[in-house]
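Visitor: Could you take me in for a close look at one aromatic spot and tell me what sits around it?

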Amino acid sequence: MQIPVYMDNMATTPVDPRVLADMLPYFGTHFGNASSKTHAFGLAAADAVEKAREEVAGLIGARAQEIVFTAGATEANNLAIKGAVQMVPLGAHIVTCAIEHKAVLECCHTLEQQGVEVTYLPVDRYGQIDLDQLAAAITPRTALISLMAANNEIGVLQPLEDIGRLARERGVLWHCDAAQAVGKVPLDVEALGIDLLSVSGHKLYAPKGVGFLYVRSRKPRVRLQAQVEGGGQERGLRGGTLNVPGIVGLGRACQLGREEMTEEAARLVQMRRRLCAGLEGALGPLVVNGHAEERLPGNLNVSFPGVDGTELLLGLREIALSSGAACSSRTSAPSHVLKAIGVNDDLARASLRFGLGRFNTMAEVEFAIDRTVAQVECLRDGALAIEERV
């Protein structure tokens, strides 16, 4: 077992060696620009991009021409939300949720400053929305629903089929940030009625700096205003020279996800349950944040009462963990996700997110249990000693 142990796969995943192997030729021999279709170098790059587009589409039940390559889910979210709203008359309305990723929430805040009305749905103690509240929030001016598939901090899965059915009944577009879910749980855009879907490659064992946006092309055809303009690439929706090596890697990662997802998810659930049971067996009842079962296979977000989360992280240098979203790690404020599900500030600050992934082993899980238990007990004993002296 290699130290430190990496258990922060919600923040990013390592590139799968099989993905890297497919990418390497496109840094060297096949270096052409995919838009240069007048010679063999460009044509080889263009063929590789289209092959990857087919693999990406296959993972989510889409058609290849509905895939727009981006630099990641943040860009895809911006294109989906801003692009959709800018295609409708002034006075548009968006429905989203209190625990969305900052990439969605910040888009909505910006649009609010431009006169767009935004409704932020609350969630229950598990982090799931209430469908009746969603239905009540939709008005004749609602241009878009933006609700994620799985939360990046607590791993909870939203009722996707029900959201899609409601969006269809009301004739409202549904954008789904699926950065954490694609490649980990089955997602079919046709079956779920998703109109726009955002994904980052680095969450599913592809490299950083590449992702995609699915844009429905029929029933209904979704129209977007481009946010990055340039050379007309990606059907004019996203200008700029394509990241061919990254796209090739993303395509291979999606192929692996489609082929191995079921078996991998079962293994991760087994490890997650062992991790939770091991911690509780030694430390007593813990607060598991999010739904016990309706969550990502490898996600365990747990609060340790009576312990400072920062001190706990500092004492677990041998294990790569986080206390929340990587993009919010510079702030000491309690997680907006944990606050939304009713966790108080002290307990929120006592929380850790374990993100198990493809390359974790049961031996690493046992190591994490032993080290976490020892550190929590040490911190609790220290706090008790201070109280006794006082």
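Guide: Sure, let's start with a charge: the charged end of Arg 358 sits over the ring of Tyr 205, 4.0 Å from the ring centre. "Over a ring" is meant strictly here: NZ of Lys or CZ of Arg within 6 Å of the ring centre and within 35 degrees of the ring normal. Keep in mind that this is a predicted model, where local features need pLDDT of at least 70, side-chain atom pairs count only at pLDDT 80 or more, and totals for chains, interfaces and linings use all residues. Residues are numbered from 1 along each chain as its sequence is written, and side-chain values use heavy atoms, with hydrogens and water left out.

Now for the ring partners. Rings of Phe, Tyr and Trp (its six-membered ring) pair if their centres lie within 6.5 Å, with planes under 30 degrees apart counting as stacked, over 60 as edge-to-face and the rest as tilted. That rule gives two aromatic pairs. In one of them, Tyr 205 and Phe 359 have ring centres 5.8 Å apart and planes at 90°, so they meet edge-to-face. This pair bridges distant parts of the chain, 154 residues apart: Tyr 205 belongs to the loop between strand 7 (196–200) and strand 8 (211–215), Phe 359 to the loop between strand 12 (351–355) and helix 12 (362–389). Those elements are DSSP runs numbered from the N terminus (helices H or I, at least four residues; strands E, at least two).

As for solvent, Tyr 205 is buried at 5% relative accessibility, while Phe 359 is partly exposed at 40%. The cut-offs are under 20% relative accessible area for buried, over 50% for exposed and partly exposed in between (1.4 Å probe, protein chains only).
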